[in-house]
Amino acid sequence: MALRLLWASRVASHLRISVAQRGFASAVLKDLKYADSHEWVKIEGNKATFGITDHAQDHLGDVVYVELPELGHSVSQGKSFGAVESVKATSDINSPVSGTVVEVNKELTESPGLVNSSPYEQGWIVKVELSDAGEAEKLMDSDKYSKFCEEEDAKH
Amino acid sequence: MRSPRILEVWRLGTVNYLKFLKIQDKLVSERKAHQIPDTLLSLEHPPTYTLGKRRTDHNLLIPQSQLTKIGAELHYTQRGGDITFHGPHQAILYPIISLRSIGFGARNYVETLERSMIEFASMYGVKARPGNKCETGVWVGDRKIGAIGVRISSGITCHGLAFNIDPDLNYFEHIVPCGIADKEVTSLRRETDALLPSEEVIHKQLITCLAKAFSYDDVLWKEDPSVILDTQR
């Protein structure tokens with residue numbers, strides 16, 4: 001737990017985001033976009049890579065299984081495309097953008113825990129070819145998403 | 001001032017598993033569309049084995065062809081967790097609730113389900129504990145008394161928990177329960193000498209423990225189960 005806080009603080013100070021006072025602060029990276037169902041997306045031209053956020057993996061618990069979509073599968077913004085299992089719960093994951101699946105992270109089949117230990121890097125889930133680049137406008141930037149997470153966590 | 005949180009509870013008696021799945025699908029859609037409030041189904045199943053999304057049927061130790069001989073059915077589901085058994089005298093609660101309105105993720109949700117069962121067990125002097133890592137559920141020592149397997153879709157929960165009041169534990173011999181070998185399954189009947197009241201009373205107590213654990217302001221006991229059991233509507 002202490003190591004995670006240290007990591008979060010280092011990432012936060014590097015990216016100049018303030019770490020919340022509540023103890024564990026989920027890391028939010030500046031150059032990504034975020035959906036309100038806690039998925040992140042990195043857009044590069046007409047390709048996008050996405051996964052679930054640090055906030056999401058913390059709230060899930062240890063991931064033991066990731067259900068990946070097939071290559072060529074169509075995904076739609078806001079719709080479920082796969083699931084993860086943790087603590088005897090399967091949680092749907094929604095696609096933050098619309099497009100066609102061109103690559104999935106096969107490492108997650110053997111090492112689903114990468115979603116927990118490296119949600120933004122080795123724990124990426126899907127790469128798609130975008131069908132509507134304009135859709136990214138509907139997503140949150142890092143500041144909005146940080147605030148969104150704080151508001152959600154304040155509910156209990 | 002926030003609006004009060006209400007839980008609507010339907011007590012349905014014994015419901016066949018496939019019929020329950022139809023009811024659940026309908027309620028989940030209605031909850032997602034904000035047509036109904038947070039809802040809880042309280043029921044029992046006839047002897048039924050169920051598998052989770054990972055389809056771990058290697059944990060069924062008898063051939064599927066033998067199941068009718070022992071009077072049981074087998075169903076595949078989309079819930080998390082491994083293989084389990086449901087049967088008479090096992091109290092099942094299926095919460096269909098919104099986690100987003102309380103800012104809960106899977107971990108908080110499951111931990112609160114565990115706490116509900118632990119609190120309930122303590123009413124009979126049974127000291128239960130949550131599972132260790134990878135052993136989600138409720139245990140008395142090394143014996144499992146309560147199981148959990150849930151699904152969360154768009155922040156709405158389905159499936160739920162099963163607490164062993166006094167089921168026929170022999171049915172568990174035909175599976176590796178929850179995929180955990182060499183651990184026993186137990187029941188409230190086995191763990192306490194206390195006089196157990198009627199199952200209706202027991203179910204109500206378990207429901208009340210859950211409602212308290214999730215901080216509901218009020219529980220609305222729905223009187224007419226036929227409203228929900230009629231899935232043709």
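Which residue is the bridge partner of A:V101 in β9(A)? In this predicted model, the partner is A:V128. The pair belongs to the contact between β8(A) and β9(A), where 5 bridges hold an antiparallel arrangement.

These two strands are part of a wider sheet in chain A. The sheet is open and has 6 strands, in the order β1-β2-β3-β9-β8-β5. Its pairing is antiparallel. Strands of a sheet pair through backbone hydrogen bonds, in either the parallel or the antiparallel sense. The edges are taken by β1 (33–34) and β5 (74–75) of chain A. Each edge strand has a single partner, so one of its sides has no neighbour in the sheet.

Further pairings can be followed across the sheet. Strand β3 of chain A covers residues 47–52, and β9 of chain A covers residues 126–130. The two run antiparallel and are joined by 4 bridges. Here A:F50 stands opposite A:V126 of β9(A). On the other flank of the order, β8(A) follows β9(A), and β5(A) follows β8(A). Strand β8 of chain A comprises residues 99–104 and is linked to β5(A) by 2 bridges, again antiparallel. In this pairing, A:V75 faces A:G99 of β8(A).

A loop residue touches parts of this sheet. A:S95 sits between β7 (89–94) and β8 of chain A, in the connecting loop. Is A:S95 buried or exposed? Its relative accessibility is 1%, and the cut-off for a buried residue is under 20%, so A:S95 counts as buried. Leaving aside residues up to four places away in sequence, A:S95 touches A:F50, A:V75, A:S76, A:Q77, A:G78, A:K79 and A:F81. Two of these contacts recur in the pairings above: A:F50 stands opposite A:V126, and A:V75 stands opposite A:G99.

Chain B was examined as a whole and then at one strand. Chain B contains 5 helices and 12 strands. The radius of gyration of chain B is 17 Å, close to the 17 Å that the globule rule gives for 233 residues, so chain B is as compact as a globular protein of that length. The C-alpha trace spans about 50 × 40 × 35 Å along the principal axes of chain B. Of the 233 residues, 56% count as buried. Among contacts in chain B with a separation of 6 or more, 77% come from residues 24 or more positions apart. The accessible surface of chain B is about 10400 Å². Carbon and sulfur atoms contribute 50% of that surface. Chain B carries 29 positive and 27 negative charges, and their mean positions lie 6 Å apart.

How many residues of strand β10 (residues 156–164) of chain B are buried? The count is 9 of 9. This strand pairs with β6 (residues 90–96) of chain B through 4 bridges, in the antiparallel sense. Within that pairing, B:Q90 has B:N164 of β10(B) as its bridge partner. Strand β9 (residues 143–153) of chain B also runs antiparallel to β10(B), with 8 bridges joining the two. B:S153 is bridged to B:I156 of β10(B). β9(B) and β10(B) form a hairpin with 2 residues between the strands. One residue of this hairpin, B:S154, adopts a positive phi near 50°.

Note on methods
Residues are numbered from 1 along each chain as its sequence is written. Chains are lettered from A and ligands numbered from 1 in the order in which they are written. This is a predicted model: local features need pLDDT of at least 70, side-chain atom pairs count only at pLDDT 80 or more; totals for chains, interfaces and linings use all residues. Side-chain values use heavy atoms; hydrogens and water are left out. The radius of gyration is taken over C-alpha atoms; the globule rule is 2.2 Å times the number of residues to the power 0.38. Buried means under 20% relative accessible area, exposed over 50%, partly exposed in between (1.4 Å probe, protein chains only). Contact means heavy atoms within 4.5 Å. Accessible areas come from the Shrake-Rupley method with a 1.4 Å probe; for residues, only the protein chains shown count as cover. Lys and Arg count as positive and Asp and Glu as negative; His and the chain ends are not counted. The place of a charge is taken as NZ of Lys, CZ of Arg, CG of Asp or CD of Glu. Two strands pair if DSSP finds at least two bridges between them.
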